[in-house]
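Biologist: I keep hearing terms like "buried" and "antiparallel" for this protein. Could you take me through where they come from?

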Amino acid sequence: MKSQHSYSYSSINTKKKINMKYIIISIIAVVIVIGFILFFFVFNSDNNESTLNEFYSYIEQQDYESMYTLIDDSNIEYSEDEFVTRNTNIYEGIEASNIEVEVTNEEDNILTYTVTMDSIAGTITFENTTEFKDNKIVWDDSFIFPDLTSSDKVRIIETEATRGTIYDRNNVALATQGEAYSVGLVPGKLNGEEDYEEIADLLDLTVESIQNTMSASWINDDSFVPLKTITADDSDLENSLLEISGVKLSSVTIRTYPYGEITSHLTGYIQKVTAEDLEEHENEGYDENSYIGRSGIEAAKEEQLKGTNGIEIRIVDENNNLISTVAKIDVQDGEDIVLTIDIKLQQDLYESFEDDESASVAFDPTTGEVLALVSTPSYDSNDFVLGYTTEEWNELNNDEAEPLTNRFKGTYVPGSTMKTITASIGLETGTIDPDEDLTAQSSWQKDSSWGSYYVTSTHAASPNTLWYALVYSDNVYFAKAALNIGAENLIAGYESLKIGEEIPFELSLNTSQYTSDTFEDEIQIADSAYGQSEILMNPVQVAAIYGLYVNDGKMMTPHVVSTTEQSVWAEPFSTDTVDTVLDALIGVISDSGGTGHSLYTSSITLAGKTGTAEIKDSQDDTSGSEIGWVTVMSVDSDTPIVITSIVENVEDIGGSKYVASKLKEPLYNYLGI
């Protein structure tokens, strides 16, 4: 019994061991199967996501052929060439870049993911779902954008921003949008080339240039081939052109400058961008059809004036009906710019000096507002927009009077206008006694160390005190005074007037200068006192300096763009100095012997200073030229104004007296006298 019991226990134990073995094997098998399934799922999932990322990386690389190798082509309706063409046109058309993909879910070989990319119309973000088959993308057009089908098109709609208008202080447009005509030919309606000569004559073109234009490969019989843009205000030209078979006029909007030459150096002009412009202003909203400010206010305020074009990426059906908007940047028109310019005064000054090589600056001494900014001779900004022929450009560019030169930007030898500054420095430093008689002399040198060099005066003032020296413009008086003042005081005085510093102004102006180095030579010091030597002054700065004498000693910062912010540029002299000098400047106009007496009127108190600067190689040079200066200003007037005008080459026409004669009418018109 015991033996039987023992056997029975052993058999049961053995069976249990066998059963346990099978259970363990089964568990292991199940784990292996589950692991294999999980491994396959994860591996497959990783492959799908990897394929998706690889596909999008090829978009960034513009490698559309490699994209095609990643799609399941069993059911696609495009050939490889058609696929490449469609994707190229869309992705490059919208300028897709910086593409990021984030997978959010996968189920049964279907990936859900979010796509973000930069485009010409801003950031595009969308969620999409894509099926995979054997780790290849089951592709259709909805992969590009979820709303897109094979019959739809992606369209880029651009809305051009309107460039801001430039106004004068009274909201008169100086640069704005205007209408013009694009003159072109329709080949299928032409009689042939027999009319080219007449067309060329009317448009100031050559027959050869028309033939070259008409030989372009893109031209069809019904094409409109533009030749030139003309203004919309020449009805005779328009009628003559339209009488020729095949000529067509198409209305276009262009930048226009209503005052032409009168304001061109001030407003500047715009031109079509160049390749260099596009490179320099990359990612600033310019394309090959854009225009950019090339000079003047147009260039200085380009960022505000240009605006931002509107861009919209649309999906449309075969009939161009809108399905959805993928991305959009709204158009932002350019800002208007209001200048401090008074166009009537600008026009009067221009017309008075238009036959001269001149610059004029009108300045409100109480605010710093520039009321007029004129350079003559001038060019017409409209011609830059419409385009020059080669002959017209060569004629303009080779004109000896240099109409393209902006003269109010330049610096010039100031002549006797510098005496006002010398007098002020001397009074401020106590080195000039205004009542001291320095003895009238028409020719003077300090001593024999000057050799043959003498300072000469055509108006030796008697008595030879400061007032008379300023009123009659005595060179010798100021040469003597300069040596008493000394180089150190003169330099400090120039610096107090910001001479030698960059002029804070919206337009680029050349920097005034008093010398190329420090004063070391006595003759140089003496000559600088009456505006010769190496002194060079910009007319805008001269107007600002003279303004301090009628503005309680405050020299205002000049500005030509309207603003509520006005600032004092310098306050270099005491009230006593300012009053003493102003009294003499009034005498320049009111005294019958004053150099500016031709500007005198009993209607209002005027003050000013004249100057005739000599441009010559030596004191004995008789072939040099002269620059005439006049600065005139109203005193205690309800209409504060300073006008500084310079005219080149006045040596044979009266010097500064010629300038005063031209300045009188614009000044009186502005003051209403």
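**Putting the labels to the test**

Modeller: Let's start with two helices: α11 and α21 are roughly antiparallel to each other. Before we go on, this is a predicted model, in which local features need pLDDT of at least 70, side-chain atom pairs count only at pLDDT 80 or more, and totals for chains, interfaces and linings use all residues. Residues are numbered from 1 along each chain as its sequence is written, and side-chain values use heavy atoms, leaving out hydrogens and water.

Biologist: Why are α11 and α21 called roughly antiparallel?

Modeller: Helix α11 (residues 343–353) packs against helix α21 (residues 656–671) at an angle of about 160 degrees, their axes 9 Å apart. Axes are lines fitted to C-alpha atoms (for helices, over the stretch in contact), and angles between N-to-C directions run from 0 to 180 degrees. Under 35 degrees counts as roughly parallel, over 145 as roughly antiparallel, 65 to 115 as roughly perpendicular, and the rest as oblique. The angle of about 160 degrees is over 145, so the label fits.

Biologist: Which residues of α11 and α21 make the contact?

Modeller: Contact means heavy atoms within 4.5 Å. On α11, K344, L345, D348, L349, S352 and F353 take part, and on α21 they meet V659, K662, L663, P666, N669 and Y670.

Biologist: What makes helix α16 largely enclosed?

Modeller: A helix here is a DSSP run of H or I with at least four residues, a strand a run of E with at least two, and both are numbered from the N terminus. Buried means under 20% relative accessible area, exposed means over 50%, and partly exposed is in between (1.4 Å probe, protein chains only). Nine of the 11 residues of α16 (residues 475–485) come out as buried, so the rest of the structure largely encloses this helix. Among those buried residues are Y477, F478 and K480. The cover over them includes α14 (418–429), α15 (466–472), α17 (487–496) and α18 (522–529).

Biologist: How many residues does the largest nonpolar core have?

Modeller: A nonpolar core is a set of buried Ala, Val, Leu, Ile, Met, Phe, Trp, Tyr and Cys residues joined through side-chain atoms within 4.5 Å. The largest one has 87 residues, and I297, L339, L373, Y494, I499 and Y549 have the most contacts inside it. Helix α19 (residues 539–547) gives the most to this core, with six residues. As for Y494, leaving aside residues up to four places away in sequence, its contacts include M418, I421, I499 and F519. There's also a second, separate core of 38 residues, with Y64, F83, L148 and A327 among them.

Biologist: How do you know that β3 pairs with β4?

Modeller: Two strands pair if DSSP finds at least two bridges between them. β3 and strand β4 (residues 136–137) are joined by two bridges, so they meet that cut-off. K133 has K136 as its bridge partner in β4. In this hairpin there are two residues between the strands, and D134 takes a positive phi near 55 degrees.

Biologist: And how many bridges join β2 to β3?

Modeller: Strand β2 (residues 110–119) and strand β3 (residues 122–133) run antiparallel and are joined by 10 bridges. They also form a hairpin with two residues between them, and the bridge partner of D118 in β3 is T123.

Biologist: What makes β16 and β21 edge strands?

Modeller: They belong to an open sheet of five strands with antiparallel pairing, in the order β16-β15-β23-β22-β21. β16 (370–376) and β21 (606–615) each have a single partner strand, so one side of each has no neighbour in the sheet. The partner of β21 is β22 (residues 625–634): 10 bridges join these antiparallel strands, with T610 standing opposite V630. β22 also pairs antiparallel with β23 (residues 642–648), over seven bridges.

Biologist: Why is β22 called mostly covered?

Modeller: Eight of its 10 residues are buried. Helix α20 (residues 575–590) lies across β21 and β22, at about 80 degrees to β21. That angle falls within 65 to 115, so roughly perpendicular is the right term for α20 and β21.
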